[in-house]
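Subject: Model for your records

Hello,

Please find the structure below, with the sequence. My notes come after it.

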Amino acid sequence: MPLFKRDKIMREEQLRNLVVDHGSAIEVATVGCYQKHLTARAHPRGWGYLASNGHYGFGATTTQICFDGPGELAAEARALFWAIRKLVPLYRITLLTDYPQIANMVEAWRSGDHSAMPPGYDMTPGKSGYERKLVLAARKVHEHTDSVAVRLVDDYADTALGRGANELSIIGWKCSAREITKSEAEVQALTAASAALGVEPVLVTRDGQVDNAGEDNE
């Protein structure tokens, strides 16, 4: 599998009391946060995902381009990539999103249309030769199409998973904007995820496995 670059600001964990067997059906919400920052030169794109089996992640990237509307869509697409990377094909997942573009994109991937991408997304490999993140996600979804479904909701706030994922995306944004430290972000994320899912804030013990890292996968 091609290597990929982890976001500079990111964290992924799992709540112990919600662990289920591999192959189980779960739901996962993805949300992006893209707000103009008045002092930072780069605009943070925060992302968050929260799954019903206790898996959650948050993080952020930045862009030097002027603040624009599609940035929120790009931020949620980031959350989508990390959720797919973490959960597929270990579980049978239903993705929850309030972005029709995201829902349509995933359905296209399931049918084998790997060209379905957010507007302006560069699909060409980076200078180091590694494939782009959403290209990897599209291939993985099509390869495991029977394990991936998507459900469009009216608003992320309609579900506990969506509300929790939104909080996580904001935490990622704040950490990238240096409004909170990484340690503070980790504590806040654990609190947000456990509260959204109604369980004690106790994490699965890490197994010590370290992800490899590549470059230039946006």
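The notes cover the nonpolar cores and one helix pair.

This is a predicted model, in which local features need pLDDT of at least 70 and side-chain atom pairs count only at pLDDT 80 or more, while totals for chains, interfaces and linings use all residues. Residues are numbered from 1 along each chain as its sequence is written, and side-chain values use heavy atoms, with hydrogens and water left out.

The largest nonpolar core (buried Ala, Val, Leu, Ile, Met, Phe, Trp, Tyr and Cys residues joined through side-chain atoms within 4.5 Å; buried means under 20% relative accessible area, 1.4 Å probe, protein chains only) has 37 residues. Val28, Leu80, Ile93, Leu95, Ile102 and Trp109 touch the most other members. Among the elements that each supply at least two residues are strand E2 (25–34), helix H1 (71–87) and helix H3 (133–143); helices are DSSP runs of H or I with at least four residues, strands runs of E with at least two, numbered from the N terminus. H1 gives the most, with 9 residues.

Leaving out residues up to four places away in sequence, Leu80 is in contact (heavy atoms within 4.5 Å) with Thr30, Leu95, Ile102, Met105, Val106 and Trp109. A second, separate core has 22 residues, including Ala165 and Leu168.

H1 also meets H3: Ala77, Arg78, Phe81, Trp82, Ile84 and Arg85 in H1 face Lys133, Leu134, Leu136, Ala137, Lys140 and Val141 in H3. The residues of this contact divide into 8 nonpolar, no polar and 4 charged.

Regards

Technical notes. Buried < 20%, exposed > 50% of the residue type's maximum accessible area, 1.4 Å probe, protein only. Nonpolar A, V, L, I, M, F, W, Y, C, P; charged D, E, K, R; others polar.
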